Amino acid sequence: MPLIKFHANLRKITGMNEIAIQGASIRAVLERLVKDFPDLQQYLLEDGQLHPHVLLVLNGQPLDLENDLGTPVSGQDALAIFPPIAGG
Amino acid sequence: MNGWSEKILDIDLTTGSIKTYPLDMEMARLYVGGRGLGTRLLWDLVGPQVDTLSPENVLIFTNGPLTGTGYQTSNRFSVSTKSPLTGTVLDANSGGFWGMQFKKAGYDVLIVRGKAEKPVYIEIKPEQVSLHDAMELWGMRVNALTQKLGQEKNHRNVLCIGPAGENLSRIAAIMNDGQRALARGGPGAVMGSKNLKAIVIEGKEKTGIADQEKYKFLVYETRKMLAANPLTSQALPEFGTVVMMNLVNNIGALSTRNFLHNQFEGAEDISGETLTEKYLVKNDACWACPIRCTRISKTDKVKGEGPEFQTTWAFGAQCGIADLAAIIEANCLANDLGFDTISAGNTIGCAMELSEKRFIDSDLRFGRGDLLARTLEDMAYRRDLGADMAEGSLRLATKYGAPELSMTVKGLEMPAYDPRGMQGQGLLLATSNRGACHMRGNMLGLEVLGLPKMIDRFQVQGKSSYVILNQNSSAAIDSLVLCKFTSMAVADEYFARVLSAVTGIKYATGDLIRVGERIWNLERLYNLREGFTNKEDTLPLRLLNEPAPDGATRGWVVHLEPMLKEYYRARGWNELGIPTAQKLVELELDGMQTGEKENQR
């Protein structure tokens, strides 16, 4: 199972910093996450789609939300999820 | 008088003369304000023969036509000078309240020339401008001095230097109401060289607005845009800028231990999440800012503003220090001494590597958070090794025989991003006119955050057009002068509409970006006139030659040369990085002689 790492206020919402979760692709993992943590919906989704400001980083590589959600994942992978964040 | 006050205040500290005269409004139309106007005036006032710490250098404080209007984030102002750290054109800007007060005092520009015989401070009040003896104030630290001079938000505001500026540290800042700074490039040293301790200001004039109805509507719309955007309504207020720490570390672009590494094992301990959980008291805001990204933090020993992401990195990962309390305390102390925190932390990291590699004999070592306070004090008062460190990283490393260990561009210390993991950021830093700076445009949005779209951070081809757009946009926003965070929710074209409503001058879509391009090219001409060439458009050798050792960036160096070639071409410059005659005509810069001469060769 890939390891999911939460950042910023997602830690408060889920009550944890990380969790291993089942899913064969990024999309499947996200669906499972929202099912297990319904409060995540308002931070991650907009009109049923991933919010454009959400950032997913797979093994240190930022993902393109338009093209990369079908990427397969396994137990070797770490997916960091950032809600909208900004800085300079 | 709409937008601009149309007035320059000019003070000569050598003679004590205080003059006012009209602002050239054609110059204002072309350069708007802030950084643009400051650069244009600097072009006329300070040439290549001027030593940066001599009375002939000047400090040019500028606000912009939007400053003080009440438009969102219209609080910022700039100082322009020739940098004592880099020798390049320099402007540094700051938020808070002083800029608003400066505008309300009825001036667009304050020029300070010469050198006072003894320490003085300037007091600008509605009824008069005066010089006061500052003998008793000389030696005071920033917070105590700011209080003593009567700083009161929205009524009376204080710019000053601390011991670092008095002792001519080339990385000294001009401090703004105690805890904000005109930081980069050493403007505090220029102020110190003039025996000028502080500038106190009170104002009461209102900025004229040409089209009140339109302006009010644009303010209303901007409020809605900022509230609807999660970056400006949630991310920045809730976690501030330091929330970037874990992300930049995760992708392998967090420079660590003087850029020997690109990931820091202690990043979580100095992250925005940890700051919020353990040390945050509350958030705060500059004047007229609904974003409220300022952090107020507290440890057992100190309470103060910040630290921001770059400062936390500079005293943290750059020095291999994972003790956030020590970093917060170093930030407060650096502010009180009057340092640029990025350059101070970066220079300490450089000294740590020099010491570990035995170029210098010192107990500084990566990870020694317990030495931060003592080292900053030594730098401010130029004690022992601190005397060399006060000169900044490049002069320090050069003196001890290892200039390659200085992580600088054109002599200015690098910010947090390791460009081996962000190729476009590498080009941006290498070509920045004031040296390595993440505020002359920033590729973080495009290469990491996916804003407004994600582009491959390792891609080399095609990066120059994005970098140029970023740089021009940053120069335009710095001329208004607004906070760049506003532009996360509001497009540049929209700012042009606000500028038109305030000034009554029609700035069409694209005009404002053209102003930014004009400023960028004039800064380039200034540096060329100072003797800089394309050879200085580069990065520390470590980033060009040593592959990044960590994480997803492992194996990468910055492929600068191809990006640079593409950049010069896209800028309309020749292969030596000199603006062509055609480009200068296009930007109404054709009177600027250096560029013409170079191109006739």
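Biologist: Quick one on chain B: does H19(B) pass H23(B) in a left-handed or a right-handed crossing?
Modeller: The crossing of H19(B) past H23(B) is right-handed. Right-handed means the near helix is turned clockwise from the far one by less than a right angle; left-handed means anticlockwise. Helices (H or I, at least four residues) and strands (E, at least two) are DSSP runs, numbered from the N terminus. Keep in mind that this is a predicted model: local features need pLDDT of at least 70, side-chain atom pairs count only at pLDDT 80 or more, and totals for chains, interfaces and linings use all residues. Residues are numbered from 1 along each chain as its sequence is written, and chains are lettered from A and ligands numbered from 1 in the order in which they are written.

Biologist: At what angle do H19 and H23 of chain B pack, and how far apart are their axes?
Modeller: The angle is about 55°, and the axes are 8 Å apart. H19 covers residues 463-480 of chain B, and H23 covers 560-571. Axes are lines fitted to C-alpha atoms, for helices over the stretch in contact; angles run from 0 to 180 degrees between N-to-C directions.

Biologist: Which residues in H19(B) and H23(B) meet?
Modeller: From H19(B), B:Lys463, B:Ser464, B:Ser465, B:Val467 and B:Ile468. They meet B:Met563, B:Glu566, B:Tyr567, B:Ala570 and B:Arg571 in H23(B). Contact here means C-beta atoms, placed from the backbone, within 7 Å.

Biologist: What does that contact of H19(B) with H23(B) look like by class?
Modeller: Five nonpolar, two polar and three charged residues. (Nonpolar: Ala, Val, Leu, Ile, Met, Phe, Trp, Tyr, Cys and Pro; charged: Asp, Glu, Lys and Arg; polar: the others, Gly among them.)

Biologist: Any odd backbone around there? What is the peptide bond from B:Leu451 to B:Pro452?
Modeller: The bond into B:Pro452 is cis, with omega near -5°. B:Pro452 sits in the loop between H18 and H19 of chain B. A cis bond also joins B:Leu480 and B:Val481, with omega about -5°. B:Val481 is in the loop between H19 and H20 (492-503) of chain B.

Biologist: And phi? What value does B:Glu6 have?
Modeller: B:Glu6 has a positive phi of about 65°, though it is not a glycine. The residue is in the segment before strand S1 (7-12) of chain B. B:Glu6 counts as partly exposed, because it has 16 C-beta neighbours inside 10 Å. The scale counts other C-beta atoms, placed from the backbone, within 10 Å: 20 or more is buried, 12 or fewer exposed, in between partly exposed.
B:Glu588 has a positive phi too, about 60°, and is not a glycine either. B:Glu588 lies between H24 (581-586) and H25 (593-600) of chain B, in the loop. With 13 other C-beta atoms within 10 Å, B:Glu588 is partly exposed.

Biologist: New topic. How many residues does each of chain A and chain B put into their contact?
Modeller: Chain B gives 28 residues and chain A gives 20. On the chain B side, the elements giving two or more residues are H8 (230-239), H9 (244-250) and H18 (444-449). H8(B) supplies the largest share, seven residues. By class, that side of chain B has 17 nonpolar, nine polar and two charged residues.

Biologist: Sheets next. What is the strand order of the five-strand open sheet in chain A?
Modeller: S2-S1-S7-S5-S6, with mixed pairing. Strands pair if DSSP finds at least two bridges between them. S2 (18-20) and S6 (61-62) of chain A are at the edges with a single partner strand each, so one side of each has no neighbour in the sheet.

Biologist: In which sense do S1 and S7 of chain A pair?
Modeller: Parallel, over four bridges, with S1 at residues 3-6 and S7 at 78-82 of chain A. A:Lys5 stands opposite A:Ala80 in S7(A).

Biologist: What about the open sheet of six strands in chain B: which order?
Modeller: S8-S7-S12-S9-S10-S11, and the pairing is mixed. S8 (129-133) and S11 (180-182) of chain B are the edge strands, each pairing on one side only. On average, neighbouring strands of this sheet are turned by 20° against each other, direction ignored. S9 (157-160) and S12 (196-201) of chain B pair antiparallel over four bridges. B:Asn157 stands opposite B:Ile201 in S12(B).

Biologist: Last one. Is B:Lys118 buried or exposed?
Modeller: B:Lys118 is exposed, because it has 9 C-beta neighbours inside 10 Å. It lies in the loop between S6 (109-113) and S7 (120-124) of chain B. Leaving aside neighbours within four places in sequence, B:Lys118 is in contact with B:Asp133, B:Met135 and B:Asn195. B:Lys118 and B:Gln310 are 36 Å apart in space, C-alpha to C-alpha, and 192 residues apart in sequence.

Technical notes: Two residues are in contact if their C-beta atoms, placed from the backbone, lie within 7 Å.
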